[in-house]
Amino acid sequence: MKKYDSVIIGHLSKDINIDHEDNKVEICGGAVLYSSASAYALGHKVAAVTKISRDDIDCLSSFTIPKDDIYVGFCEKSTSIKNKYFTADKERRECKCISQGSPFNFKDIENVEGEIYHLAGLIYGDFSDELIKDCSKLGKVAVDVQGLLRHADKQSGDMYFEDWKTKKELLPYITFLKTDAAEAEILTGESDRKRAAEILYSWGAKEILITHNTEVLAFDGKEFYTCPIKSRNLSGRTGRGDTTFAAYINERLNSDIKTALLTATATVSLKMETPGAFKGTRKDVEEYIREFYK
């Protein structure tokens, strides 16, 4: 059995993106795609466990990782999300769920071994609370809370956020927890990102990463670390949090928090300058750090 640095679990998504000028682009996206791309670009051995309709099998070609490291389950419908952006910086958007793939369970991952099990959900219901507990028996658990807070109305497809009801029970099973600033406030009631990180740590998560359009913050219960985003344009804004989180947690296998945070933030800064999943290299990121972070 292959051993991976991280096993990334999540749906590919057939995304329909409409910008603030009503330009429409249809692409294959999803947290599993953006996450696997950034970790792989930095030299980490990653697996992607995903589900898709057989009709959309062409979407698998969007992955940048080797085909042998993609573990595919087929479901009746692929996840598909329409994103309407209202501003040039893509910070304000409206999301509608067109369809949602079937949930992941332990059988989907039991034969894929990794140091980290990264749950990269898109919509509530992509995986159960039990899967978090199951993964914690196999390795470190990393969770992007988007897949636990973002719900889709069954009738209209309208997407909305609400608090994660079982958070205090499940957070102790999680080594790495990622939120953005808005999600951190939903979870904790705190708009101050540092205070929100302290609360999430007090509830059991070991290491918290909070993304914002100006910086990325990390907290390990002892010290706060921040690193600024340096992107020269935002044409590749989609996938920002996924790119950051996967780069960070994989770097943490061999680096301290400060170093991992710098690498992850530089990676996402560079990625956001070009649409799509990150296709650069570690050398590109190191050059970016020399130019913009020294």
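**Pockets**

I began with the open spaces of this predicted model, and I found that the largest pocket has a volume of about 760 Å³. Of the 35 residues that line this pocket, I noted Arg 93, Gln 146, Arg 150, Asp 180 and Arg 237 as the closest to its centre. I then looked up which elements give two or more residues to this lining, and I listed the strands β2 (13-18), β6 (79-85), β7 (93-99), β11 (159-161) and β12 (176-180) together with the helices α1 (31-41), α5 (181-188) and α7 (240-251). The largest share of the lining, 4 residues, comes from α5. Sorting the lining of the largest pocket by class, I recorded 14 charged, 12 nonpolar and 9 polar residues.

I turned next to the second largest pocket, which holds about 220 Å³ of space. It is lined by 15 residues, of which Asn 17, Val 25, Lys 90, Ser 235 and Pro 275 are the closest to its centre. The elements that give two or more residues to the lining of this second pocket are β2 and β3 (24-29), and by class I entered 6 nonpolar, 6 polar and 3 charged residues for it.

**Salt bridges**

I looked up the salt bridges and found that the structure holds 19 of them. I took Asp 56 and Lys 14 as one case, a salt bridge in which the closest N and O atoms are 3.1 Å apart. This pair links distant parts of the chain, since Asp 56 sits in the loop between β4 (46-52) and β5 (70-74) while Lys 14 belongs to strand β2, 42 residues apart. I checked the exposure of both partners: Asp 56 is buried, with a relative accessible area of 14%, whereas Lys 14 is partly exposed at 36%.

For another case I chose Lys 165 and Glu 162, which form a salt bridge with their closest N and O atoms 3.1 Å apart. Here Lys 165 counts as exposed, with 72% relative accessibility, and Glu 162 counts as partly exposed, with 28%.

I also followed the salt bridge between Arg 193 and Glu 215, where the closest N and O atoms are 3.1 Å apart. Arg 193 lies in helix α6 (residues 193-202) and Glu 215 in strand β14 (residues 215-219), so that I noted this pair, too, as linking distant parts of the chain, 22 residues apart. Finally, I wrote down a network of salt bridges that links Lys 2, Lys 45 and Asp 69.

**Cysteines**

My search for disulfides gave a count of 1, namely the bond between Cys 28 and Cys 59, whose sulfur atoms are 1.9 Å apart. The torsion about this S-S bond is about -65°, and I therefore entered the disulfide as left-handed. Because Cys 28 lies in strand β3 and Cys 59 in the loop between β4 and β5, the pair ties together parts that are 31 residues apart in sequence. Cys 59 counts as buried, at 6% relative accessibility.

Which cysteine sulfur is nearest to that of Cys 75? I found that it is the sulfur of Cys 59, 12 Å away, and that Cys 75 is in no disulfide; Cys 75 is buried, with a relative accessible area of 11%. I checked Cys 95 as well, and its sulfur is 10 Å from the closest cysteine sulfur, in Cys 97, which is too far for a bond. Cys 95 is buried, with a relative accessible area of 11%.

How values were computed: Residues are numbered from 1 along each chain as its sequence is written. This is a predicted model: local features need pLDDT of at least 70, side-chain atom pairs count only at pLDDT 80 or more; totals for chains, interfaces and linings use all residues. Side-chain values use heavy atoms; hydrogens and water are left out. On a 1 Å grid over the protein atoms alone, a cavity is a set of points where a 1.4 Å probe fits but cannot get out, and a pocket is an open set with protein on both sides within 12 Å along at least five of seven lines; lining residues have an atom within 4 Å of a point. Grid points are joined across faces, edges and corners, and a volume is the space filled by probe spheres set on the points. Ala, Val, Leu, Ile, Met, Phe, Trp, Tyr, Cys and Pro count as nonpolar, Asp, Glu, Lys and Arg as charged, and the others, Gly among them, as polar. A salt bridge is a side-chain nitrogen of Lys or Arg within 4 Å of a carboxyl oxygen of Asp or Glu. Buried means under 20% relative accessible area, exposed over 50%, partly exposed in between (1.4 Å probe, protein chains only). A disulfide is a pair of cysteine sulfur atoms within 2.5 Å.
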